[in-house]
Amino acid sequence: MNSFLERSTVPARHRFLVLAAAVVAMLQASAVMGHDSTLHAYEVARDRMEARFIAAGGALAALAEPLPAGVPACQLTIKLVDAKTRLPVSGLVRVTRANGEAVPLAGLLYRAIGLRPDHPGREWFAILESATVTVGRESLQIESIAGLETERVSQAVDLRGKETAEITLALPRFTEPVLGGWRAGNTHLHLRGMSRAQSDEYLRTIPRADGLEILFVSHLLRTSENATYISNVYTPEEVRAMSGHGLQFGWGEEHRNNFGAGGEGFGHVLLLNLRRLVEPVSVGPGITGAGFDYPPLRRGMDEARHENGTVIWCHNAFGFEDVPDWLGGHLDAHNIFDGGTRGGYAESYYRFLNVGLKVPFSTGTDWFIYDFSRVYARMSEGLSEQSWLAALAAGRTFITNGPLLELHADDSEIGDTLRLDRERTVTATGRATGRTDFKKIELVHNGAVIAQAPSRAVAGHFEAELKYPLRVTEPGWVALRVAGRGLISEGPASPSVIPVRDETVARNEMDEPLFAHTSPIYFEFAGRGVFQPEAARALVADMEAAELAIRTNGHFKDDAQRDEVLAIYREGAALLRRRLNE
C-alpha cells in the first residue's frame with residue numbers, strides 16, 4: 001500500500017515526467033474522434049496503481065499520501081468563505097512548500113481522480129466549505145479558487161512549532177452570473193472503474209467544489225465493457241435523490257452508433273430529462289457486437305422528445321446524422337468539447353447558423369470531470385432539471401471552461417431574435433471576465449470576426465470589453481467568443497503523429513486550453529433568416545459523403561432498413577437543394 005500511495009501522490013509525479021510526456025502526447029494524438037477514442041486515451045493514460053487501489057474498493061479520500069512517520073504533524077483547519085458575504089463556500093485548495101512542491105492532503109479528494117498521472121488537478125484538493133488536514137510543521141503557501149467566478153487567493157502560514165492551526169481564505173468574486181439568472185451545468189458525464197460508494201463520493205464532492213449547479217449523469221451501453229460503467233448502476237430516482245447543497249442532478253442516456261470500435265457512424269446524442277431508457281441505448285454491431293446499424297438515431301431522439309426529453313448532439317462534428325437532424329428540427333442543442341476534438345466552431349456550429357438554423361451552444365465533460373467545462377443557461381425561474389433544459393433549448397447560453405461572457409445587440413440578449421424591417425445600425429456590446437488571462441475577445445458576425453478587444457488585468461482577474469456599431473443590411477447572427485480553442489478543426493489526426501503543444505494558447509488550472517463562446521443573437525431581416533449558399537452546399541456535400549459511407553460500411557438486415565436510414569440524408573439534402581434553387 002505504501003508504494004502505491006507514494007506513487008499516486010503529487011510529490012511523486014516528478015518521477016513520471018518523461019513517461020507523462022509520452023502519455024500526454026498519446027492522449028492528444030488519439031483523442032480526436034468521438035466518445036470511445038476519448039475513453040481509450042484516458043484509460044491508457046491513467047495511473048495504473050491508482051486504478052488498482054480504486055478497484056480494491058477503498059475510499060477515494062484515501063488516495064492522498066499521509067504524512068510520513070516521524071514527521072512532526074500539525075492539524076490544520078482550512079475554511080473557505082465568500083469575501084463579500086463571509087458565508088461558507090466550497091472550492092479547491094492547493095498547498096505548497098517553500099520549494100514549490102505540492103503537499104498532498106490526506107482525507108480529501110484530489111481534483112484529478114480518474115485522469116492522467118501528470119494531471120495538474122492532482123495538486124488541487126476539494127474542500128466542501130471547511131476541512132481539517134494533517135500537514136507538517138513548516139511554512140506553507142495555501143491557494144484556493146471556487147468555481148470560475150472567484151480570484152485565486154494565496155496566503156502564507158507558518159506552522160513551525162504548532163500542533164494545531166486554523167486559516168480562513170476569503171475568496172473575492174469578480175462576477176456573479178447567478179444574479180443575472182445564469183446557472184452553470186455539465187450536460188454529459190459518465191464514470192467507470194469505481195465502486196458505487198466511490199462513485200457516490202465523487203459525485204457528492206467534485207461537482208460542488210467546481211461550482212457546478214446542475215449535472216447530468218447518463219446511462220451508456222457497450223456490451224463488452226458495460227460491467228465497469230458504474231454510472232449505469234444508478235436509477236433515475238437515485239441520481240436525482242443526490243441533489244442538495246446547491247447542486248441538482250439530472251439523468252439520461254447517450255444514444256449512439258459507431259461503425260466499428262470507435263469509428264464514425266451515425267453519431268452520439270444525449271437524451272436528457274428521461275424517466276426511463278429509450279431502447280436500444282446503443283445501435284449496431286460496432287458497439288453492441290451484434291445486430292444491425294438500425295434504427296437511425298432519429299427514432300430514439302423523437303421518442304425522447306415525445307416524453308418531454310431534451311436531445312443534445314455530442315462530440316463536436318463527430319458522426320453523420322447531426323446535419324440532417326438539425327435540418328429536420330430533431331435536436332435541441334449541440335455539445336462541443338465533450339469528448340474528442342473533431343471539428344471546431346465552424347464545423348460544429350457556424351454552417352448550421354448560416355443556413356438559418358437556431359443552434360444553442362452546449363458542452364460537458366464525458367468521462368470524469370476532467371476540465372472546468374460548463375454551459376451557463378439564463379433562467380427566469382428557479383433551478384430544476386426541466387427549467388434549466390428549457391433555457392438551454394431556448395439558446396440562452398454560453399459555454400466556457402474559464403472566461404464568463406456577456407453579449408447584447410441593442411437591448412437584445414443571448415438567444416433573442418432581433419427583427420428588423422429596414423437597414424439600421426445595431427450597437428453590439430460584449431464583455432468577458434476570467435481568472436486566467438484569455439488574451440482577447442472577438443465579435444463574430446455570420447462566422448467572420450468583425451471586432452476584437454484585448455484583455456487587461458484588473459485586481460486578481462482579467463477583463464475585456466468591446467462596443468461595435470454593426471450595420472445590419474441582411475439576415476444573420478452575432479456572437480461573442482474568446483480567441484482560443486475551437487477556431488479551427490483539431491482533428492482527425494494520425495495517432496502516429498505527436499502534436500506539438502502550443503504554448504501560446506491560454507490554459508486554465510486544469511491545463512486545458514481556454515474556450516468560451518456565446519449562443520447567438522439572431523437578426524431576422526424583412527421577415528427572412530440567413531441563408532448562405534456556400535454553407536448549404538458544404539452541408540449537402542457532408543450528407544452525400546455520409547450516404548456513401550453508410551452504403552459502404554453499414555450493416556443492414558435488408559434493403560428496407562438501409563433505405564430508411566439513407567432517406568434521412570436524402571431528405572436533408574433535398575431540402576437544402578430546394579433552398580438553393582430558390
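**Note on the cavities, threonine 417 and the cysteines**

1. The largest cavity has a volume of about 60 Å³, and the structure, which is a predicted model, holds two cavities of 30 Å³ or more.

2. The residues that line this largest cavity come from several parts of the sequence, and they are Leu148, Phe372, Asn401, Gly402, Pro403, Arg435, Thr436, Asn508, Glu509 and Leu514. When this lining is sorted by class, four of the residues are nonpolar, four are polar and two are charged.

3. A second place to look at is threonine 417, which lies in strand 21, the strand that covers residues 417-420. Is threonine 417 buried or exposed? Threonine 417 counts as buried because its relative accessibility is 19%, and the cut-off for this word is under 20%.

4. As for the surroundings of threonine 417, this residue touches Lys358, Tyr522 and Glu524, if residues up to four places away in sequence are left out of the count. With lysine 358 there is also a polar contact, in which the side chains of threonine 417 and lysine 358 are joined at 2.5 Å.

5. Turning to the cysteines, the reader may ask how many disulfides the count comes to. The count comes to zero disulfides, where a pair of cysteine sulfur atoms would have to lie within 2.5 Å.

6. Two of the cysteines can be described further: cysteine 74 is buried because its relative accessible area is 0%, and cysteine 314 is likewise buried, with a relative accessible area of 0%.

Terms used. Residues are numbered from 1 along each chain as its sequence is written. This is a predicted model: local features need pLDDT of at least 70, side-chain atom pairs count only at pLDDT 80 or more; totals for chains, interfaces and linings use all residues. Side-chain values use heavy atoms; hydrogens and water are left out. On a 1 Å grid over the protein atoms alone, a cavity is a set of points where a 1.4 Å probe fits but cannot get out, and a pocket is an open set with protein on both sides within 12 Å along at least five of seven lines; lining residues have an atom within 4 Å of a point. Grid points are joined across faces, edges and corners, and a volume is the space filled by probe spheres set on the points. Ala, Val, Leu, Ile, Met, Phe, Trp, Tyr, Cys and Pro count as nonpolar, Asp, Glu, Lys and Arg as charged, and the others, Gly among them, as polar. Helices (H or I, at least four residues) and strands (E, at least two) are DSSP runs, numbered from the N terminus. Buried means under 20% relative accessible area, exposed over 50%, partly exposed in between (1.4 Å probe, protein chains only). A polar contact is a pair of N or O atoms within 3.5 Å; within protein, one must be able to donate a hydrogen and the other to accept it, and residues adjacent in sequence count only if both atoms are side-chain atoms. Contact means heavy atoms within 4.5 Å.
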